[in-house]
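This report looks at side-chain pairings, packing and confidence in one protein chain. Please keep the sequence and the coordinates at hand while reading.

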Amino acid sequence: MTISFARFAPLLALPLLAPALGHAQDPAHATEFRLQNPGNGPGGAPRIAFLSHRLGNDHAEGISLLDMNGDGFPDLLSGAYWYENPGADGGEWKRHQFRTVGIHNEFVSDCGEWIVDVDHDGLPDLITTGWISNGLWWYRNPGPKATAAGATWKAEKITDSYDTEGGAFADINGDGKPDVALAHYNRSGVLWVDFSKDKPRVHHLGGRAEDGHGIGVADINGDGKADVLTTHGWFEQIDADNDQWKWHGDWNIGDTGFPILGYDVNHDGKLDLIYGQGHGYGLYWLEQGGSADHPIWTRHTIDESFSQSHALLLADIDDDGTPELITGKRYRGHSGADPGSYDPVVVYAYKLPAKAQLDAAKSGAEGTKGTMDTMRIADSTADPVFTRYGLSVNGTASAGTQFIAADLDHDGDVDIASAGKLGAHVLENLKVNKVPKNVREETQPLERKWPFPGEGKEVPQEDGPTP
């Protein structure tokens with residue numbers, strides 16, 4: 001066989017790149033091929049990267065945000081502790097105790113925390129509830145100086161609330177101030193609390209048929225009033241202050257995470273739902289279709305590869321004007337008894353489908369099979385894709401029962417925080433990275449007490465034979 005080298009001439013004209021073959025580089029050109037700043041990901045997708053910081057190993061799963069010492073930087077509260085924000089240069093989040101919380105086996109009775117000035121004294125207070133212990137409680141803020149000096153916050157009970165595993169925080173009655181809505185595993189009836197009056201005012205909604213493991217607040221019918229969403233349907237608001245609601249049993253979506261989110265996923269002007277299965281596999285969105293008299297809710301699959309999506313949040317983490325969906329795996333929600341309990345612990349961000357993508361997929365979603373009068377399941381092969389980014393994969397950061405999104409270090413990008421049985425975590429957004437190198441070095445997980453006894457002796461570096 002005769003081989004013509006003419007066809008290989010363009011290749012032979014290229015310079016030989018020894019480093020690409022895995023050989024050592026000439027020291028004079030050692031950094032020639034080292035990219036100094038991050039580029040895009042596969043396909044030119046912009047990088048979304050978060051650095052996980054484990055703040056402690058407490059088991060509390062609720063988390064909230066408040067400047068506890070008055071230094072201008074928001075601190076994190078979780079369970080009995082608050083974690084002191086190290087500031088713009090980063091570093092250690094110091095742990096301080098400020099209250100006591102009930103403990104049961106591996107659980108801390110803290111599955112929801114919200115910040116509200118309950119007594120209207122100008123100091124934000126802490127509202128909290130837990131699955132283990134009965135009640136919705138508020139803890140009075142004694143002020144930054146007393147808190148920094150180690151004062152213990154005192155609790156006052158607001159109302160009974162048994163088997164509470166999460167809630168929603170939103171303005172329900174339209175007074176411009178946030179309210180708390182709670183759902184119950186024992187399905188004892190939804191309740192919501194108005195904090196705008198001199199004392200918290202407790203409202204009750206429905207009973208066993210309407211309550212369930214999951215709750216949300218969103219304007220489903222677009223009338224400008226917030227509605228309350230449960231796992232079995234939604235309460236249409238007529239007059240929240242006077243307890244006037246209309247029930248719509250439009251869906252049955254199982255034990256969801258908290259909160260059930262309202263968002264127009266397909267850009268058709270109708271509010272859809274996004275929810276996870278809090279104690280099983282599955283993350284979904286429920287498309288609102290049909291008419292007001294006969295609504296049709298079509299379930300679309302987002303991701304069924306991980307379990308216990310017990311906390312969800314919409315937050316714009318890449319500053320493109322569109323929120324991302326933040327969720328992940330809760331760790332040991334039922335002490336290892338849930339499906340997938342021993343799978344890797346993950347926290348994910350999802351880019352929501354663009355309108356053009358949904359228009360292309362719309363025709364494939366027409367063929368559906370009904371599961372009830374108003375709810376259908378779409379053909380999963382036609383579902384639009386939510387692009388997934390791993391914020392923490394096979395680490396210790398988990399979904400817990402809440403997520404926080406805020407610019408914790410004041411560098412101009414949005415960071416994420418969560419708590420769980422593997423501890424409280426900050427996921428630092430690296431879109432803007434101003435932390436000094438010496439601080440980065442101090443916070444590395446490198447084993448400093450090394451070498452281990454008997455492991456070996458110090459040896460010189462041998463770079464090769466002398467030329």
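Over the face of which residue does Arg 99 lie? In this predicted model, Arg 99 lies over the face of Tyr 139, at 4.6 Å from the ring centre. A second arginine, Arg 95, is placed over the face of Tyr 81, and here the distance from the ring centre is 4.3 Å.

**Overall picture and confidence**

The protein has 467 residues, of which 48% count as buried, and its secondary structure comprises 4 helices and 32 strands. Among contacts between residues at least 6 apart in sequence, 50% join residues that are at least 24 apart. The pLDDT averages 91 over the protein, and 89% of the residues score at least 70. Two stretches should be read with caution. Residues 1–23 stay under 50 in pLDDT, and the model gives them 4 contacts beyond four places in sequence. Over residues 367–372 the pLDDT is likewise below 50, although this stretch has 15 contacts in the model beyond near neighbours in sequence.

**Salt bridges**

Side chains of opposite charge can pair when their charged atoms come close. A search of the whole structure finds 16 salt bridges, and three of these are set out below with the separation of their N and O atoms.

| Acidic residue | Basic residue | N to O distance |
|---|---|---|
| Glu 106 | Arg 332 | 3.0 Å |
| Asp 320 | Lys 351 | 2.6 Å |
| Glu 428 | Arg 440 | 2.8 Å |

The side chains of Glu 106 and Arg 332 meet in a salt bridge. This pair links distant parts of the chain, since Glu 106 belongs to the loop between β6 (103–104) and β7 (107–108), while Arg 332 belongs to the loop between β25 (324–328) and β26 (346–351), the two being 226 residues apart. Glu 106 is buried, its relative accessible area being 18%.

Asp 320 forms a salt bridge with Lys 351. Asp 320 sits in the loop between β24 (312–315) and β25, and Lys 351 in strand β26, so this pair ties together parts that are 31 residues apart in sequence. With a relative accessible area of 41%, Asp 320 is partly exposed.

Glu 428 forms a salt bridge with Arg 440. Here a strand is linked to a helix, with Glu 428 in β32 (residues 425–429) and Arg 440 in α4 (residues 437–442), 12 residues apart. Glu 428 is buried at a relative accessible area of 5%, and Arg 440, at 15% relative accessibility, also counts as buried. Elsewhere, salt bridges that share partners join Glu 61, Glu 165, Arg 330 and Lys 421 into one network.

**Aromatic pairs**

The whole structure contains 7 aromatic pairs. In one of them, the ring centres of Phe 235 and Trp 247 are 4.7 Å apart and the planes stand at 55°, so the pair is tilted. Phe 235 is part of strand β18 (residues 233–239) and Trp 247 of strand β19 (residues 244–248), so the pair ties together parts 12 residues apart in sequence. Phe 235 counts as buried at 5% relative accessibility, whereas Trp 247 is partly exposed, with a relative accessible area of 28%.

In another pair, Phe 306 and Tyr 348 have ring centres 5.4 Å apart and planes at 70°, so this arrangement is edge-to-face. Phe 306 lies in strand β23 (residues 295–307) and Tyr 348 in strand β26, so parts 42 residues apart in sequence are tied together. Both Phe 306 and Tyr 348 are buried, and together with Tyr 350 they form one aromatic cluster. Strand β26 thus appears in two of the pairings described here, through Lys 351 and through Tyr 348.

**The nonpolar core**

In soluble globular proteins, nonpolar side chains tend to be buried together. The largest nonpolar core of this model has 17 residues, and those with the most contacts inside it are Leu 55, Ile 63, Leu 76, Tyr 83, Trp 93, Ala 417 and Val 426. Strands β4 (81–84) and β30 (403–406) each supply at least two residues of this core.

Which residues does Ala 417 touch, leaving aside its neighbours within four places in sequence? Ala 417 is in contact with Ile 63, Leu 76, Gln 402, Phe 403, Ile 404, His 425 and Val 426.

Key. Residues are numbered from 1 along each chain as its sequence is written. This is a predicted model: local features need pLDDT of at least 70, side-chain atom pairs count only at pLDDT 80 or more; totals for chains, interfaces and linings use all residues. Side-chain values use heavy atoms; hydrogens and water are left out. A salt bridge is a side-chain nitrogen of Lys or Arg within 4 Å of a carboxyl oxygen of Asp or Glu. Buried means under 20% relative accessible area, exposed over 50%, partly exposed in between (1.4 Å probe, protein chains only). Rings of Phe, Tyr and Trp (its six-membered ring) pair if their centres lie within 6.5 Å; planes under 30 degrees apart count as stacked, over 60 as edge-to-face and the rest as tilted. A charge sits over a ring if NZ of Lys or CZ of Arg is within 6 Å of the ring centre and within 35 degrees of the ring normal. pLDDT is the predictor's confidence in each residue, from 0 to 100. Contact means heavy atoms within 4.5 Å. A nonpolar core is a set of buried Ala, Val, Leu, Ile, Met, Phe, Trp, Tyr and Cys residues joined through side-chain atoms within 4.5 Å.
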